[in-house]
Amino acid sequence: MISLATTALGWHLQGEKRRARTLATLESSPFDRVRMAAFAMRCSLDSLEERVAELGAIGVTAELVLLHPSDGIGDVDAAARLVAEVVPRLAAHANVWWSLAADPTLFPEISEHDWVRLADLVAEEDPGHHPLSITAEAGSPLLWRRAFTHGSVAARSPRDAWVGTRDHHKPVLMDMCGYEGDSDDPWHSLTPEEVVAQAWDGSVRRRYVTHGESYLDDEGLTWSEAGGTLAGAAVARLGLLREVIAETPAQARYRDRDAPMLEVPGEFYLEYCGEHRFPERVYEVPAGRYEVEVIDTWAMTVGSLGVQEGGTLTVPLPATGAQAVRLRRHA
């Protein structure tokens, strides 16, 4: 379940010009999925379906958050009616994922049992069996209910999400661990360096982090609430991450050491050093020849150190943060 996502919750509620800017921005971005609230109480299903089709035309998946507190839905019966209306209408589109809610605690009248009932209803109404989640804290038992195809976690860091979900076997994505921006809200005022670090750390831990951006534009709106144009410094660097992950073998598994690593033993290694300013890294790998690369995740450079012999392999680093090391067996 490798997918690089961004959040633009209400982009589809905006005027035609802003919607067009949003689509153009997404088409030129590294993102292949956008989290958006259905807001089915505020827009027609015809309009929502048109927007989903427009996303599909540029190769972007709509991850629809079905229930939002601003919809005014407080009980499970009203929620079920909305699900039964929205899901069958949009299920025919291949580029759809479902998210029941971004924060179930904002619906105090809906119990854990009710959420499971609603998840079962989505599955019943969706013959295409699109991915389905609900966003919760890493320790929530809701994440692992059978109807949900994957976990969606909100946490302060990918490591926190990994620690809280490492004993489970479903895929796990991170809906949020903060947005790039300059808001008064701590969740919406991360530096671009932090956002890039979280995205790399999460990807190597197989806890892919959804991007968000909270800079006010000339209309007093932000990307993550209303789409428009991306202004932050993180996005270009996430493009490099997307390229690296695309070249990572699907069978690569996470290895927990002092820095997170993905590996296919004897074939492939990708380690993200994060904030550590290591002067070098030493790898014990099976005998053979390996292409060695050092990736500066902020400067967006991939530097080759040539082909080296395995056994014990030492990789010099510049002793700065934001470095990653990739080893690939050389024929």
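A residue is called buried here when its relative accessible area is under 20%. By that cut-off Asp201, at 14%, is buried. The model I am presenting this morning is a predicted one, and I will return to the question of burial several times as we go through it.

Let me stay with Asp201 for a moment. Its place is in helix H6, which covers residues 192-204. Cys273 stands 72 residues away from Asp201 along the chain, yet the C-alpha atoms of the two are separated by 8.7 Å.

Helix H6 also brings us to the enclosed space in the model. How many cavities of 30 Å³ or more does a search of the whole structure find? The answer is two. The largest cavity holds about 60 Å³ of space. Its lining is made up of Gly178, Val195, Gln198, Ala199, Val209, Thr210, His211, Gly212 and Leu238. H6 gives the largest share of that lining, with three residues. By class, four of the lining residues are nonpolar and five are polar, and none is charged.

The second largest cavity encloses about 30 Å³. Around this space we find Arg255, Arg257, Tyr269, Tyr283, Glu284 and Val285. Here the largest share, again three residues, is supplied by strand S15, residues 280-296. The division by class is three nonpolar, three charged and no polar residues.

I turn next from the cavities to the open space. The largest pocket has a volume of about 700 Å³. Of its 32 lining residues, those closest to the centre are Ala102, Asp103, Asp175, Met176 and Tyr179. Which elements each supply at least two residues of this lining? They are strand S2 (33-37), strand S3 (61-67), strand S6 (135-136), strand S8 (172-176) and helix H7 (223-226). The lining as a whole divides into 16 nonpolar, 11 polar and five charged residues.

One residue of the largest cavity, Leu238, directs us to helix H8. This helix runs over residues 234-246, 13 residues in total, and reaches 18 Å from its first C-alpha to its last. That is close to the 18 Å expected at 1.5 Å a residue. The buried residues of H8 are Ala234, Val235, Arg237, Leu238, Gly239, Leu240, Leu241, Val244 and Ile245. As a general point, an α-helix has 3.6 residues a turn, so residues three or four places apart point the same way.

Arg237, one of the buried residues of H8, has an aromatic partner. Arg237 lies over the face of Trp298, at 3.7 Å from the ring centre. A second arrangement of this kind involves Arg156, which lies over the face of Trp187 at 3.8 Å from the ring centre.

That leads to contacts between aromatic rings. With ring centres required to lie within 6.5 Å, the count comes to four aromatic pairs. I will describe two. Why is the pair of Phe107 and Trp115 edge-to-face? Planes over 60 degrees apart are placed in that class, and these two rings have their planes at 85°, with the centres 5.6 Å apart, so the pair is edge-to-face. Both partners are buried: Phe107 has a relative accessible area of 3%, and Trp115 has a relative accessibility of 2%.

The other pair is Trp162 with Tyr254. Their ring centres are 5.1 Å apart and their planes stand at 65°, so this pair too is edge-to-face. Trp162 lies in helix H5 (residues 158-165) and Tyr254 in strand S12 (residues 253-255), so the pair ties together parts that are 92 residues apart in sequence. Trp162 counts as buried, at 8% relative accessibility.

Finally, I would like to draw attention to the backbone at two loop positions. Phe39 has a phi near 45°, a positive value in a residue other than glycine. Phe39 is placed in the loop between S2 and helix H2 (45-57). His129 likewise has a positive phi, near 50°, and is not a glycine. This histidine is found in the loop between helix H4 (112-125) and strand S5 (132-133). Are these two residues buried or exposed? Phe39 is buried, with a relative accessible area of 6%, whereas His129 is exposed, at 64%.

With that I close, and I welcome discussion.

Key. Residues are numbered from 1 along each chain as its sequence is written. This is a predicted model: local features need pLDDT of at least 70, side-chain atom pairs count only at pLDDT 80 or more; totals for chains, interfaces and linings use all residues. Side-chain values use heavy atoms; hydrogens and water are left out. Rings of Phe, Tyr and Trp (its six-membered ring) pair if their centres lie within 6.5 Å; planes under 30 degrees apart count as stacked, over 60 as edge-to-face and the rest as tilted. Buried means under 20% relative accessible area, exposed over 50%, partly exposed in between (1.4 Å probe, protein chains only). Helices (H or I, at least four residues) and strands (E, at least two) are DSSP runs, numbered from the N terminus. A charge sits over a ring if NZ of Lys or CZ of Arg is within 6 Å of the ring centre and within 35 degrees of the ring normal. On a 1 Å grid over the protein atoms alone, a cavity is a set of points where a 1.4 Å probe fits but cannot get out, and a pocket is an open set with protein on both sides within 12 Å along at least five of seven lines; lining residues have an atom within 4 Å of a point. Grid points are joined across faces, edges and corners, and a volume is the space filled by probe spheres set on the points. Ala, Val, Leu, Ile, Met, Phe, Trp, Tyr, Cys and Pro count as nonpolar, Asp, Glu, Lys and Arg as charged, and the others, Gly among them, as polar. The expected span of a helix is 1.5 Å times one less than its number of residues.
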